[in-house]
Every structure is written in C-alpha cells, then in structure tokens.
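Please keep the sequence and the model side by side as you read, and look for each part of the chain as it is named.

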Amino acid sequence: AVALAMSLGPPACASPSRPAAAVSPEGVEPVIVGRPDMRFDGGLRLAAIFPSIGRYALSGIQSANGARLAVEDVNRRGGVHGRRLKLLEYRTGSYFVDARLAAELAAGEGGALAIVGSNSSSLSMPIAAVAEEQRIVQVSNISTAEDLTWDPQRGQERRHVFRVCGTDSVTGALLADFAAGALRAQRVAV
C-alpha cells in the first residue's frame, strides 16, 4: 500500500451521482462523481479516493493516475502472493463529506482491504475516521496535518492510518534548518 501511495486522475468526468439518502447533518449532499466496477474478479480490493472535481481536482487526478499505474505494475509482476489487485476508484468532489461517503462505501459495499487517499489533509481526515472505525488501513500520499495519524480526542496514534510524507512540523523544522544552515539566511518570509 505504501508503494501504491508513493506513486499516486481518473478518466474523463462523468456526471455527478448524488445519493439521495446521503445528506450530512450540515445539509450538504456528498458528491461521488464516479463509482468503481464492483464485480468480483478474485482480486484483492484496494480503494483509491481522490477528487476529480473542485479545488483539489488536479492533484486528485494525478494521484489517482499514480495509484492506477502502481496497481498495474504490481499486477504485471504477479500480484501479491499470486493474487491480483483490484483498484476501486472513487472519484469525488473536493469536500470532506465527499471523501467520508466514499470511504464508507469502500469499507462497506466495496469490501476494500485498504484505502489510498486522499490528496489533502482536509479530505484524508474523514477517511481516517472511517479507516479507524472499520479497522481498514489507510495510506495518504500527501496529507501533512499532524492529527491525521494522531487522534487528539483519544490521545493516541491512529493504528490504521499512515502517510508517506512528513508532517507540517517536520517539514517546517527541516526548511528552517536549511535556511539558517545552508543558506545562512538571517530573515525569511512565508
């Protein structure tokens, strides 16, 4: 799953499908632009949850393309212990309720063993909540929020949630060390 997340676009957008029963408490209807082929083919099911419309679409499309390529590469080499991977692609909008609904669908009807996504912390956080609740591994490719892998309400690590990039505080400290040490900067602006 980590290799898959590291290499993380769906095909052309279809018209959005909006489940009538999936209205959030805020009154916002989640947007799932495309749902995966659910036919069982014997493959190990991995869900990819990335936006293909809205403010995070460009990065989401790139991440989904990478997930697709990584699954094709693993399958070309014989799969995992002789079993092929099946990528369930959930193309969503760029809002947290979209990502949460996709994670619930992937964990429920999709029967996903793991979830890759999403491409922003605000989308990965609701996926993380579902992943922990359902005990499904989630790997985020570029989410940097501290509390993605740490549950501040429980005061403990999320056991099923992982990332393949550093947190904001780690990146910030490294950049500060580089600016002060290598660049000998006296002042900086962010």
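Two strands are said to pair if DSSP finds at least two bridges between them, and the strands (E, at least two residues), like the helices (H or I, at least four residues), are DSSP runs numbered from the N terminus. This is a predicted model, in which local features need pLDDT of at least 70 and side-chain atom pairs count only at pLDDT 80 or more, while totals for chains, interfaces and linings use all residues. Residues are numbered from 1 along each chain as its sequence is written, and side-chain values use heavy atoms, with hydrogens and water left out.

A good place to begin is the pair formed by strand 4 (residues 114-116) and strand 5 (residues 137-140), which run parallel and are joined by 3 bridges. Within this pair, A114 stands opposite V137 of strand 5. In general, the strands of a sheet pair through backbone hydrogen bonds, either parallel or antiparallel.

The wider setting is an open sheet of 6 strands in the order 1-3-2-4-5-8, with mixed pairing. Strand 1 (32-34) and strand 8 (161-163) each have a single partner strand and stand at the edges, so one side of each is left without a neighbour in the sheet. From one strand to the next, the twist averages 25°. Helix 3 (residues 96-107) packs on this sheet, touching strand 1, strand 2 (44-51), strand 3 (85-92) and strand 4, and its direction makes about 150° with that of strand 3; such angles run from 0 to 180 degrees between N-to-C directions, the axes being lines fitted to C-alpha atoms, for helices over the stretch in contact.

What lies inside? A nonpolar core is a set of buried Ala, Val, Leu, Ile, Met, Phe, Trp, Tyr and Cys residues joined through side-chain atoms within 4.5 Å, where buried means under 20% relative accessible area, exposed over 50%, and partly exposed in between, for a 1.4 Å probe and protein chains only. The largest core has 18 residues, of which A47, I49, Y90, A103, I115 and I127 touch the most other members. Strand 2, strand 3, helix 3 and helix 4 (121-134) are the elements that give two or more residues to this core, and the largest share, 7 residues, comes from helix 3. Apart from this core lies another, of 11 residues, among them A48, F50, L87 and V116.

If contact is taken as heavy atoms within 4.5 Å, I115 is in contact with A47, I49, A103, I127, I136, V137, Q138 and V139, leaving aside its neighbours within four places in sequence.

Helix 2 (residues 57-76) can be checked for length: its expected span is 1.5 Å times one less than its number of residues, so its 20 residues should span 28 Å, which agrees with the 28 Å between its end C-alpha atoms. Its buried residues include A57, G60, S63 and A64. In the loop between strand 2 and helix 2 lies S52, which is buried, with a relative accessible area of 5%. Although S52 and T92 are 40 residues apart in sequence, they are 5.9 Å apart in space, C-alpha to C-alpha.

Finally, some details of the backbone deserve attention, since most residues other than glycine have a negative phi, and most peptide bonds are trans. H81, in the loop between helix 2 and strand 3, has a positive phi of about 50° although it is not a glycine, and at 81% relative accessibility H81 counts as exposed. The peptide bond from G117 to S118 is cis, with omega near 10°, and S118 lies in the loop between strand 4 and helix 4.
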